[in-house]
Amino acid sequence: MIDSCNRNIDYIRISLTDRCNLRCVYCMPEEGVELLPHEKILTYEEILRLCRCFAQLGIHKVKLTGGEPLVRRGVPWLVEQLKQIDGIDNVTITTNGILLTEQMEELHQAGIDGVNISLDTLDKEAFRQLTRFDSLDRVLRGIDKALEYPDVTTKINCVPLGGETAEQTIIRMAGLAKDRPLHVRFIELMPIGMGKELAGSDEETLKAIISRAYGTMIPYEKTLGNGPGVYYGLEGFTGKIGFISAVSHKFCHKCNRIRLTSEGMLKNCLQYGGGVNLRDAMNDGYTDEELIRLIHDTIEQKPAGHHFGEGRTDEGVSGEREVSGEESGTERKGMSQIGG
């Protein structure tokens, strides 16, 4: 559907759970966060009902996220059911890859279109420090497993951080796309939750490092993915290198996404704490037609843009059924609770 800023909203990111089997330093503290009770998390049946409503509004791309979505049972079944909804033509998943080796075959059979694997380093000790777990080998096996299915697009999501070994980390991560049919995307650290305390690497610095190591980066003009990522090719590379720099290279004017949290909050923008609780609406007996109208009215109020990096300190907490917008204040939850 078209929102009030004339943007075509056709993509939704759905968090299946706030639980995760890692503790990445920019996402949550070592001891974890307070988790939602299971009874407050959307059931698969509720997710499917909402997706049928989303599809009627022209949303045809679905990304499953978490926390870590694969810690929830039955994800392949959900993928299969989503693919059967009239109007939904693309279903992908973002995962840390730890459970991918065991579940990739079922996901493929279910019809998954793409797998995004979060990985920030290829150094075992650095991985342990970043994630607080010694699981790099399992992630690498998950990547290899995903690549066994050439009809499934495989992408690596890397959040580059600074430090003494930052340059070599970037070079090695970009090199994953050299001989493998996958795309490596460098995602700017978002000032959300624990990410506020860390410093990331900017896009220009990353491009300079990669160009010195591998040669001239050639802009790739075709669409490659669901969102506004910018991609480049490199001579001799099988895959592409992408950049998603939501703060320094603000792309709000062409944002096409909304988010559904695991507890049922429909969010228009990552920065703002507002939203509308669709789970509550369903529990209150809303018909599908009433849900569609509620979703439509919420999306129409999608803000023109975020204000990350602009020195604003909006505060406030929205009501449970309040429609999101700039007036609803800055989001206070972490990415695992919002949906990555």
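These legends go with a set of close-up views of one predicted model.

Residue numbers start at 1 along each chain as its sequence is written, and side-chain values rest on heavy atoms, with hydrogens and water left out. Since this is a predicted model, local features need pLDDT of at least 70 and side-chain atom pairs count only at pLDDT 80 or more, while totals for chains, interfaces and linings use all residues.

**View 1. Tyr214 and Phe237 pair up edge-to-face.**
Searching the whole structure turns up four aromatic pairs. For a pair, the ring centres of Phe, Tyr or Trp (its six-membered ring) must lie within 6.5 Å; planes under 30 degrees apart are called stacked, over 60 edge-to-face, and the rest tilted. Here the rings of Tyr214 and Phe237 sit 5.0 Å apart, centre to centre, with 75° between the planes. The pair links distant parts of the chain, 23 residues apart: Tyr214 belongs to helix α7 (residues 203-214), and Phe237 to the loop between β8 (230-234) and β9 (241-244). Helices and strands in these legends are DSSP runs numbered from the N terminus (helices are H or I, at least four residues; strands are E, at least two). Tyr214 is partly exposed at 24% relative accessibility, whereas Phe237 is buried at 11%. The cut-offs for those words are under 20% relative accessible area for buried, over 50% for exposed, and partly exposed in between (1.4 Å probe, protein chains only).

**View 2. Tyr232 and Phe243 make an edge-to-face pair between two strands.**
The ring centres of Tyr232 and Phe243 are 5.9 Å apart, and their planes meet at 75°. Tyr232 is in strand β8 and Phe243 in strand β9, so the pair ties together parts eleven residues apart in sequence. Both rings belong to buried residues: Tyr232 has a relative accessible area of 12%, and Phe243 has 2%. Add Phe186 and you get a cluster, with ring pairs linking Phe186, Tyr232 and Phe243. Phe243 also has a charge over its face: Lys207 lies there, 5.6 Å from the ring centre. To count, NZ of Lys or CZ of Arg has to be within 6 Å of the ring centre and within 35 degrees of the ring normal.

**View 3. One cavity of 30 Å³ or more shows up in the whole structure.**
The largest cavity comes out at about 30 Å³. A cavity here is a set of points on a 1 Å grid, over the protein atoms alone, where a 1.4 Å probe fits but cannot get out, and lining residues have an atom within 4 Å of a point. Grid points are joined across faces, edges and corners, and the volume is the space filled by probe spheres set on them. Its lining is made up of Phe186, Ile187, Glu188, Ser201, Asp202, Glu203, Leu206, Phe243 and Ser245. β6 (183-187) and α7 each put at least two residues into that lining. By class, the lining splits into four nonpolar, two polar and three charged residues (nonpolar: Ala, Val, Leu, Ile, Met, Phe, Trp, Tyr, Cys and Pro; charged: Asp, Glu, Lys and Arg; polar: the others, Gly among them).

**View 4. Glu203 in helix α7 reaches Lys207.**
The side chains of Glu203 and Lys207 make a polar contact of 2.8 Å. A polar contact is a pair of N or O atoms within 3.5 Å; within protein, one must be able to donate a hydrogen and the other to accept it, and residues adjacent in sequence count only if both atoms are side-chain atoms. Glu203 is buried, with a relative accessible area of 5%. The C-alpha atoms of Glu203 and Ile244 are 8.5 Å apart, although 41 residues separate them along the chain.

**View 5. Asp3 makes side-chain contacts in the segment before β1 (11-15).**
A polar atom of the Asp3 side chain lies 2.9 Å from the backbone nitrogen of Cys5, and the Asp3 side chain also has a polar contact with that of Arg7 (2.8 Å). Asp3 is buried at 5% relative accessibility. Asn6, also in the segment before β1, is exposed at 63%. Its phi is near 65°, a positive value in a residue other than glycine.

**View 6. The peptide bond from Gly66 to Gly67 is cis.**
Omega for this bond is near 25°. Gly67 sits in the loop between β2 (61-65) and α2 (75-83).

Methods. 1 Å grid on protein atoms, 1.4 Å probe; cavity = no way out; pocket = protein on both sides within 12 Å on 5 of 7 lines; lining within 4 Å.
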